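Work through the exercises below with the sequence and the model side by side. Try each task before you read its solution.

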Amino acid sequence: MDAYQNAGIKRRMRRFFRRDGRALIFAMDHGFEHGPTDFEPVWEHVNPKVIVRKVVRAGIDGVMMLPGIARIAGDEVKPNVGLMIKLTSKTNLRPKEDQLLQSQLGFVEDAVKLGADAIAATVYWGSPQEDVMMRQFAEIASYAHDLGFPVVQFAYPRGPYINERYGKKEDYRVVMYGARAAAESGADMIKTYWTGSRETFAKVVDAAAGVPVLLSGGAKTENPVDFLKVVWEVIEAGGAGAVVGRNIFQRENPEPFIKALLRVVHRNEDPEEAAKAEGLL
Ligand SMILES: O=C(COP(=O)(O)O)[C@@H](O)[C@H](O)[C@H](O)COP(=O)(O)O
């Protein structure tokens with residue numbers, strides 16, 4: 001049984017990671033987590049079919065979405081692209097005191113029915129509701145692993161004492177702590193914040209003890225090269241790639257930008273050279 005599960009996990013991991021062990025994944029859970037206003041810069045991308053078609057055409061390695069969007073746009077995710085279904089979320093409409101909790105909105109069986117290759121859940125390490133999210137993650141991971149599915153943890157340190165103790169949630173000591181907690185809780189992939197430098201991100205990668213660490217994209221940069229530079233640093237630090245949303249769907253023409261990102265992630269190309277090669281400069 002164990003051999004079967006491991007074979008399934010390994011095989012499904014390869015749907016995201018190329019032979020170089022790296023992946024570029026498109027994130028589209030923003031309509032739920034941030035609200036549809038996130039799509040206003042390029043409104044046609046509020047239609048998941050439109051943006052997913054573009055990212056797949058550009059050569060993306062995987063896409064991450066909530067179950068309902070996978071129902072609507074799953075057909076656009078071609079069989080050579082990994083499908084990651086996230087089973088926890090929260091809206092921005094909640095009272096402030098409940099913003100530090102992600103609730104479960106779907107089940108492992110739903111993700112399996114939707115054709116997922118990996119299953120994701122968030123833990124806000126340091127939240128007063130950390131305990132709830134730890135249990136949610138444990139239940140999701142245990143069942144997904146039984147079925148041979150890799151599990152991705154969005155390991156986000158976030159809570160009242162973090163700023164007090166570390167100054168900000170992106171302090172490498174706290175990001176590294178979240179990544180370690182994710183690895184120790186059984187994640188097969190970890191998605192987390194940029195710590196601001198290659199040296200500090202390398203420590204996050206070390207703390208994850210061999211579990212691939214992916215950058216969580218963040219707000220769109222006006223100059224595309226600025227974001228390419230961050231991803232380049234992540235790769236140089238030993239990161240396994242990036243999960244990117246706004247930097248892709250808030251651009252009028254995301255395809256050359258994705259191709260430039262792929263050059264950086266898979267070919268270690270210099271960010272300016274990659275941008276020039278794709279006509280962004
Ligand atoms: O993790 C998320 C939200 O994080 P947030 O609470 O906005 O810090 C997701 O909505 C996104 O999948 C993730 O942030 C990646 O998308 P971008 O940050 O690149 O837009």
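The exercises that follow concern a predicted model.

**Exercise 1. The barrel**

Task: Find the closed barrel and state which strands form it, in which order, and how they pair.

Solution:
- Step 1. Trace the strands around the ring. The order is β1-β2-β3-β6-β7-β8-β9-β10, which makes a closed barrel of eight strands.
- Step 2. Check the pairing. It is parallel.
- Step 3. Look at the twist. From one strand to the next, it averages 25 degrees.

**Exercise 2. Strand β7 and its partners**

Task: Describe how β7 is joined to β6 and to β8, then decide whether the residues of β7 are buried or exposed.

Solution:
- Step 1. Start with strand β6, residues 118–125. Seven bridges link β6 to β7, and the two run parallel. One residue pair to locate is Ala121 with its bridge partner in β7, Gln153.
- Step 2. Turn to β8. Three bridges join β7 to β8, again with the strands parallel. Here Val152 stands opposite Met189 of β8.
- Step 3. Recall a general rule. Side chains in a regular strand alternate between the two faces of the sheet.
- Step 4. Sort the residues of β7 by side. Val151, Gln153, Ala155 and Pro157 are on one side, while Val152, Phe154 and Tyr156 are on the other. Both sets are buried, so both faces of β7 are covered.
- Step 5. Conclude. Because seven of the seven residues of β7 are buried, the strand is largely enclosed by the rest of the structure.

**Exercise 3. The annotated active site**

Task: Take the residues that the unreviewed UniProt entry annotates as "active site". Where do they lie, and what do they touch?

Solution:
- Step 1. Read the record. The "active site" annotation in the unreviewed UniProt entry covers Tyr156 and Lys191.
- Step 2. Compare sequence with space. The two are spread over 36 residues of sequence, yet they cluster, with a largest C-alpha distance of 8.1 Å.
- Step 3. Check the largest pocket. Its lining takes in both Tyr156 and Lys191.
- Step 4. Place each residue. Tyr156 is in strand β7, residues 151–157. Lys191 is in strand β8, residues 189–192.
- Step 5. Apply the cut-off for buried, which is under 20% relative accessible area. Tyr156 has 9%, so Tyr156 counts as buried. Lys191 has 5%, so Lys191 counts as buried too.
- Step 6. List contacts, leaving out residues up to four places away in sequence. Those of Tyr156 include Trp125, Lys191 and Ser216. Those of Lys191 include Tyr156, Ser216 and Val243.

**Exercise 4. Leu24 and the nonpolar core**

Task: Which members of the largest nonpolar core touch the most other members, and what surrounds Leu24?

Solution:
- Step 1. Begin with the core. It holds 92 residues, and Ile60 and Ile248 touch the most other members.
- Step 2. Look around Ile248. Beyond its neighbours within four places in sequence, Ile248 is in contact with Ile60, Ile258 and Leu261, among others.
- Step 3. Place Leu24. Leu24 lies in strand β1, residues 23–28. Its relative accessibility is 0%, so Leu24 counts as buried.
- Step 4. Find its contacts. With neighbours within four places set aside, they include Ile60, Ile258 and Leu261.
- Step 5. Compare sequence with space again. Leu24 and Val243 are 219 residues apart in sequence, but 6.2 Å apart from C-alpha to C-alpha.
- Step 6. Recall the general trend. In soluble globular proteins, nonpolar side chains tend to be buried together.

**Exercise 5. Positive phi**

Task: Examine Ala209 and Asn268. What is the phi of each, and where does each lie?

Solution:
- Step 1. Recall the usual case. Most residues other than glycine have a negative phi.
- Step 2. Read the angles. Ala209 is not a glycine, yet its phi is positive, about 55 degrees. Asn268, also not a glycine, has a positive phi of about 55 degrees.
- Step 3. Place them. Ala209 sits in the loop between α9 (198–207) and β9 (213–216). Asn268 sits in the loop between α12 (254–267) and α13 (271–277).
- Step 4. Check accessibility. Ala209 is exposed, because its relative accessible area is 57%. Asn268 has 33%, so Asn268 is partly exposed.

How values were computed: Residues are numbered from 1 along each chain as its sequence is written. This is a predicted model: local features need pLDDT of at least 70, side-chain atom pairs count only at pLDDT 80 or more; totals for chains, interfaces and linings use all residues. Side-chain values use heavy atoms; hydrogens and water are left out. UniProt positions are given in the numbering used here, feature names are shortened, and annotations may be inferred rather than shown by experiment. On a 1 Å grid over the protein atoms alone, a cavity is a set of points where a 1.4 Å probe fits but cannot get out, and a pocket is an open set with protein on both sides within 12 Å along at least five of seven lines; lining residues have an atom within 4 Å of a point. Helices (H or I, at least four residues) and strands (E, at least two) are DSSP runs, numbered from the N terminus. Buried means under 20% relative accessible area, exposed over 50%, partly exposed in between (1.4 Å probe, protein chains only). Contact means heavy atoms within 4.5 Å. A nonpolar core is a set of buried Ala, Val, Leu, Ile, Met, Phe, Trp, Tyr and Cys residues joined through side-chain atoms within 4.5 Å. Two strands pair if DSSP finds at least two bridges between them. Axes are lines fitted to C-alpha atoms, for helices over the stretch in contact, and angles run from 0 to 180 degrees between N-to-C directions.
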